[in-house]
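The exercises below are to be worked with the sequence and the model side by side. Each task is followed by a solution in steps.

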Amino acid sequence: MADVIAHHEFDPLSTGSPRRRILSKSAVYALLIVFAVCYLLPLLIIFLNTLRPLQEIVRTGFIAWPHEVSAQYWGEAWGSFCIGGTCEGVSRFFKNSLMMAIPATVFSTAIGLVNGYILSKWRFRGADALFGLVTLGVFLPAQMTLLPWAFVLGKLGLSNSIAGLVLIHTVQGISFTTLFCRNYFLNVPDDLIKAARIDGAGFWRIFRRIILPLSPPIIIVTVIWQFTGIWNEFLFGAVFTSGDHQPITSAIVAFSGSGTGERHYNVEAAAVIMAALPPLFIYLVGGKYFVRGLTQGAVK
Amino acid sequence: MSSLVINDLRKSFGGVEVLKNINLSAESGEFIALVGPSGCGKSTLLAMIAGLESVTSGEIRIEGRLINNEAPKNRDIAMVFQSYALYPTMTVRDNMSFGMESRRVPKAEQAETIARVAALLQIEPLLGRKPSQLSGGQRQRVAMGRALVRDPKLFLFDEPLSNLDAKLRIEMRSEIKKLHQNVAKTMVYVTHDQIEAMTLASRIAVMFKGILQQYDTPQNIYERPVNKFVAGFMGSPTMNFLDATISPDLGVIVDGGDGKVLPLQDGQIAGLVAGQKVVFGVRPEHFSPVEEKRAERKGGRSGVVSVKVDMVEPTGAETILMTKLAGQDVVVSCEPDDMHAVGDEVTLAIDMTKICLFDPKTEARL
């Protein structure tokens, strides 16, 4: 079940004459390289611009090799650039995003695990209908929920606060995490639960001692999914927060409209990359497990 | 004292009744086998005894206590699953201590119990391993070990050997028998394998279509099955059923043949009427060469028949002949040394003391 099975991928290009193998492999790699370049080039251009002085960008244009290289714009973007009259860079918005994304990820994953456990192992009359309703949230456009959320946040006194965003993202995320966890737990044999019940374990003991230890693959999937989703989310942040309480995705927009007339392309570029780093980091660390976790149980 | 009593037990899923009016009781220390083809309700019955399925009506008592609505953990039972259901993330030791831990047994006592059971089952070297590092037979032992640390009133086994290969299955079968002799606890054992049931059980409950067909000792089930289903289910190769008629002198004439009368024993003719249609049941091993006079040596009578061999299946220990007797299919088991070839006409004696007669309509034994 949760055992990781090391197996060799089927490779249809590994047979045949040497000529055919070399030709077919080179065709595949050439195509892959073309796509990789198309995809990575914009990222490279943005990155190079973070190192160039503003005058140089203005003079030679956005797409050019840097002549003078300096890391100072990264420092400015992080700590001293002026946005909306406050000269503290994006660091506080970065912290806001962390304060929002980490708790919301933890809460939505924890609730999803318990939901999935109940909906797969402690089935009750109407469990499938309830599951259907929960997963409906996956297909509901976020724009549709703006007005209800505005109402709820207003009632709770959480407007323009990080706590409000945590609440929104936790609730919005439950659909996904429940869907993932429930389907994953369906592959846990029911006999384990029966054996544990005869052994005298109750609802929470079974969850803690049997279900949770089997869950790392799906926890990794939901954490990556939730964290990147919440971090990159723009709409709720832009609508429900302003000023000091914005997450980084919404705050970066303020760069373009800073009102001074002069665009600091190099600092903007550095801030954009900073905003993209955490999801990128999470994906690089956990991407392997992500794909494995998503496909686990799909074949068996 | 009866350790397990089941009275008028019924179970319905939706509108479908899967168990009908089950009555069963087991004395303390007995080994009961629930046997039947898949879908007969035997596993459901076991799950109801374990408390994993609710009771629709009727009652289940363990040592006199009504447990219909008790939680599984309060029934004082232990269960071994077909899939073993070992907790995959725990070591063998943790698997065995999990139940005691849930029950708040002191640590020292846990260690002592595990040591005792591990020694009994010879699994001491495996205690630190995870289930995925064990072979099928070792998992089976650990699953039994987990049940044994409980010291319950009742052991439940749900087809525990069906995931093992043939050789290991026979080994583990005798281990379970030995275990039962050692611990002397009441055991209820579900299987679809009639040989397991015959070899292990002190009494067998044969189930079919949710109905308890017969509940008796293995010998009685085999020799005096109550109906055609039980007769056909128990025994391998299965019993032959031939259409036949009762002769005027109260013998048996196989339909479609030369009208030769096979003599019945005195005890078998009560209630029979000349001309009555019957199903004549003979087990493959009750055919023998005429000159052996197997029935006569016991003071019984033989019925001599002539069969035509269609196919020969040597199994080593015995040879199975697929034959035609008066145009009806008959399976005969014979000594490998009796070299019969396809197409041969063979004259054989049927041990008439062992035969069964069934009513063709009700299928009950006459």
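**Exercise 1. Overall make-up**

How many helices and how many strands does the secondary structure of chain B come to?

*Solution.* The model is a predicted one, in which local features need pLDDT of at least 70, side-chain atom pairs count only at pLDDT 80 or more, and totals for chains, interfaces and linings use all residues. Residues are numbered from 1 along each chain as its sequence is written, while chains are lettered from A and ligands numbered from 1 in the order in which they are written. Helices (H or I, at least four residues) and strands (E, at least two) are taken as DSSP runs, numbered from the N terminus, and on this basis chain B has nine helices and 20 strands. The C-alpha atoms of chain B fill a box of roughly 75 × 45 × 35 Å along the principal axes. Of the 366 residues in chain B, 40% are buried, where a residue is buried if 20 or more other C-beta atoms, placed from the backbone, lie within 10 Å of its own, exposed if 12 or fewer do, and partly exposed in between.

**Exercise 2. Domains**

Find the domains of chain B, and describe how they touch.

*Solution.* Domain bounds come from an automatic or database domain assignment, which for chain B gives domain 1 (2–233) and domain 2 (240–358). The centres of the two domains of chain B, taken over C-alpha atoms, are separated by 39 Å. Four residues from domain 1 of chain B and five residues from domain 2 of chain B make the contact, two residues being in contact if their C-beta atoms, placed from the backbone, lie within 7 Å. On the side of domain 1 of chain B that touches domain 2 of chain B, the residues divide into two nonpolar, one polar and one charged; Ala, Val, Leu, Ile, Met, Phe, Trp, Tyr, Cys and Pro count as nonpolar, Asp, Glu, Lys and Arg as charged, and the others, Gly among them, as polar.

**Exercise 3. The six-stranded sheet**

In what order do the six strands of the open sheet in chain B lie, and which are the edge strands?

*Solution.* The order is β6-β7-β8-β3-β9-β10 in chain B, with mixed pairing, two strands being paired if DSSP finds at least two bridges between them. At the edges are β6 (77–80) and β10 (211–216) of chain B, each of which pairs on one side only. The next step is to follow β7(B), residues 154–158, which runs parallel to β6(B) and is joined to it by four bridges; in one of these pairs of partners, B:Met79 is matched with B:Leu156. β7(B) also pairs with β8(B), residues 186–191, in the parallel sense over five bridges, and here B:Phe155 has B:Met187 as its bridge partner. Between β7(B) and β8(B) the chain passes through helix α5 (residues 166–183) of chain B in a right-handed β-α-β crossover, meaning that, with the strands pointing away from the viewer, the path from the first strand over the helix to the second runs clockwise.

**Exercise 4. The surroundings of β7**

Why is β7(B) described as largely enclosed by the rest of the structure?

*Solution.* Five of the five residues of β7(B) are buried, so the strand is largely enclosed by the rest of the structure. Taken face by face, B:Leu154, B:Leu156 and B:Asp158 are buried on one side, and B:Phe155 and B:Phe157 are buried on the other. In the loop between β7 and α5 of chain B lies B:Glu159, whose phi is near 40°, a positive value in a residue other than glycine. B:Glu159 counts as buried because there are 20 C-beta neighbours inside 10 Å.

**Exercise 5. The contact with chain A**

Which elements of chain B each supply at least two residues of the side that touches chain A?

*Solution.* The contact involves 18 residues of chain B and 18 residues of chain A. The elements sought are β6 and α2 (92–102) of chain B. The residues on this side of chain B divide into 11 nonpolar, five polar and two charged.

**Exercise 6. A cis peptide bond**

Which two residues are joined by a cis peptide bond with omega of about -5°?

*Solution.* The bond joins B:Ser236 and B:Pro237. B:Pro237 is found in the loop between α8 (228–233) and β11 (240–246) of chain B.
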